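Visitor: I'd like to go through some helix packing and a cavity, with the reasoning spelled out. Could you show me the model?

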Amino acid sequence: MLLPPPTAAAISCSSALCRRLAAEIGAAGGWVGFDHFMELALYTPGLGYYAGGSHKFGAAGDFVTAPEIGPAFAQTLAAQAAQLLALSAPRIVEVGAGSGQLAADLLRELELRGLLPESYGILELSGELQERQRQTIAASVPHLLRRVHWLERLPEYFDGLVLANEVLDAMPVHLVVWTTTGAAERGVSTVDGQFVWVDRPASGRLLERAQALAAECALPPGYLSEISLTVDAWVAEWAAILGRGALLLIDYGFPRREYYHWQRATGTLMCHYRHQAHAEPFYLPGLQDITAHVDFTAVVEAGCAAGLELLGYSTQSNFLFNCGLSDVLARTPATDASHYLPLASSVNKLVSPAEMGELFKVIALGKGITEPLLGFVRGDRSATL
């Protein structure tokens with residue numbers, strides 16, 4: 001695996017996190033589930049990937065999200081946001097706002113449409129990212145910064161739109177390997193100062209889920225994949241908070257029948273470092289992203305069990321076209337090559353099956369919303385969940 005070398009300062013931070021991880025493993029008796037390792041690697045204050053100071057998003061970071069590609073994503077998403085705000089309350093909470101680019105572009109577009117929300121909350125645990133988001137919004141739409149506020153915890157009650165773009169994929173997952181004798185949880189131990197994989201029999205809710213999946217999906221011995229109990233709990237928690245409104249979740253993943261397909265016998269766990277993807281989560285902890293694809297069937301089950309209703313499920317491509325992506329593209333004349341060509345290139349990345357168009361999905365879960373949602377009027381794939 002040939003990856004760009006980190007700086008000496010970055011290596012020092014990663015080494016400090018490795019010592020913290022090793023101490024946690026030791027305190028737990030020499031073994032922790034991978035979900036705990038992943039949580040610490042991503043979110044340990046000051047050292048974890050999302051809690052440290054490294055540049056994560058865009059060309060200078062480790063990966064590019066849809067809002068970083070260009071403003072067309074937010075400009076189009078604004079149509080769905082506006083409809084949901086009108087059907088619930090004029091408030092938005094964005095979870096995990098990244099660089100703040102989506103918030104800035106979405107607020108600008110909603111202002112152009114005369115449909116600004118009364119408030120735009122950002123739920124972000126990283127102080128470093130909070131400051132980066134504040135700077136992005138202040139530089140892009142300074143007159144709208146007063147509408148934005150940062151949350152350190154979930155609200156007790158909320159009406160409006162809850163927006164999460166590429167958030168679920170970064171939530172900790174359990175690794176499970178199905179064997180001839182049952183389901184085992186793959187966890188992390190240390191040998192001679194190095195992190196190593198060690199399997200133990202699965203138990204509790206994880207075992208129950210693993211057994212159900214084995215029966216439903218006919219998983220063969222040796223099959224390795226992920227189960228995210230954290231996503232289940234997160235969706236259920238929002239279900240208890242939401243009064244009238246919707247969760248609009250955008251991420252990469254599959255319905256269960258595709259997620260646990262025989263061709264994915266080694267799971268979907270992936271790491272991202274300097275725009276290179278690999279499958280080594282023990283490589284420089286704290287300096288790389290660790291993600292897993294989303295089981296959208298599990299998202300729906302968790303939401304519906306907690307009182308939410310499935311409002312729509314579609315590919316990102318279908319969703320954006322339903323929301324008027326073609327009209328957004330048409331705002332720039334094709335004769336204006338210097339502006340049109342970069343815009344057309346960014347749109348292609350958003351909708352092309354070879355890029356983000358098919359792998360990324362959009363799902364809406366809500367309460368008190370009876371009108372069909374704009375983004376799912378054509379190509380709704382709810383029946384596949």
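Guide: Sure. One definition to start: axes are lines fitted to C-alpha atoms, for helices over the stretch in contact, and the angles run between N-to-C directions. Keep in mind that this is a predicted model.

Visitor: What makes α5 and α6 roughly parallel to each other?

Guide: Helix α5 (residues 101-112) packs on helix α6 (residues 127-140) at about 30 degrees, and their axes are 8 Å apart. Angles under 35 degrees count as roughly parallel, and therefore α5 and α6 get that label. As for handedness, α5 passes α6 in a right-handed crossing.

Visitor: Which residues make the contact?

Guide: On α5, they are Gln 101, Ala 103, Ala 104 and Arg 108, and on α6, Thr 136, Ile 137 and Ser 140. Heavy atoms within 4.5 Å are what contact means here. By kind, the residues of this α5 and α6 contact are three nonpolar, three polar and one charged.

Visitor: And why is the pairing of α8 and α10 called oblique rather than roughly parallel?

Guide: Their angle is about 40 degrees, again with axes 8 Å apart. Roughly parallel needs an angle under 35 degrees, roughly perpendicular starts at 65, and the rest between them is oblique, so α8 and α10 land there. The α8 and α10 crossing is right-handed. Val 231, Asp 232 and Val 235 of α8 meet Ala 298, Val 299, Ala 302 and Gly 303 of α10.

Visitor: What makes one residue of that contact polar?

Guide: The split is five nonpolar, one polar and one charged. Gly counts as polar by this scheme, so Gly 303 of α10 is the polar one.

Visitor: How many cavities of 30 Å³ or more are there?

Guide: One. About 150 Å³ of space lies in the largest cavity. Its lining has 18 residues, and Ser 228, Val 231, His 293, Val 294 and Asp 295 lie nearest its centre. β9, α8, β14 and α10 each give two or more residues to that lining, which divides into 11 nonpolar, two polar and five charged.

Methods. Residues are numbered from 1 along each chain as its sequence is written. This is a predicted model: local features need pLDDT of at least 70, side-chain atom pairs count only at pLDDT 80 or more; totals for chains, interfaces and linings use all residues. Side-chain values use heavy atoms; hydrogens and water are left out. Axes are lines fitted to C-alpha atoms, for helices over the stretch in contact, and angles run from 0 to 180 degrees between N-to-C directions. Helices (H or I, at least four residues) and strands (E, at least two) are DSSP runs, numbered from the N terminus. Angles under 35 degrees count as roughly parallel, over 145 as roughly antiparallel, 65 to 115 as roughly perpendicular and the rest as oblique. A crossing is left-handed if the near helix is turned anticlockwise from the far one by less than a right angle, and right-handed if clockwise. On a 1 Å grid over the protein atoms alone, a cavity is a set of points where a 1.4 Å probe fits but cannot get out, and a pocket is an open set with protein on both sides within 12 Å along at least five of seven lines; lining residues have an atom within 4 Å of a point. Grid points are joined across faces, edges and corners, and a volume is the space filled by probe spheres set on the points.
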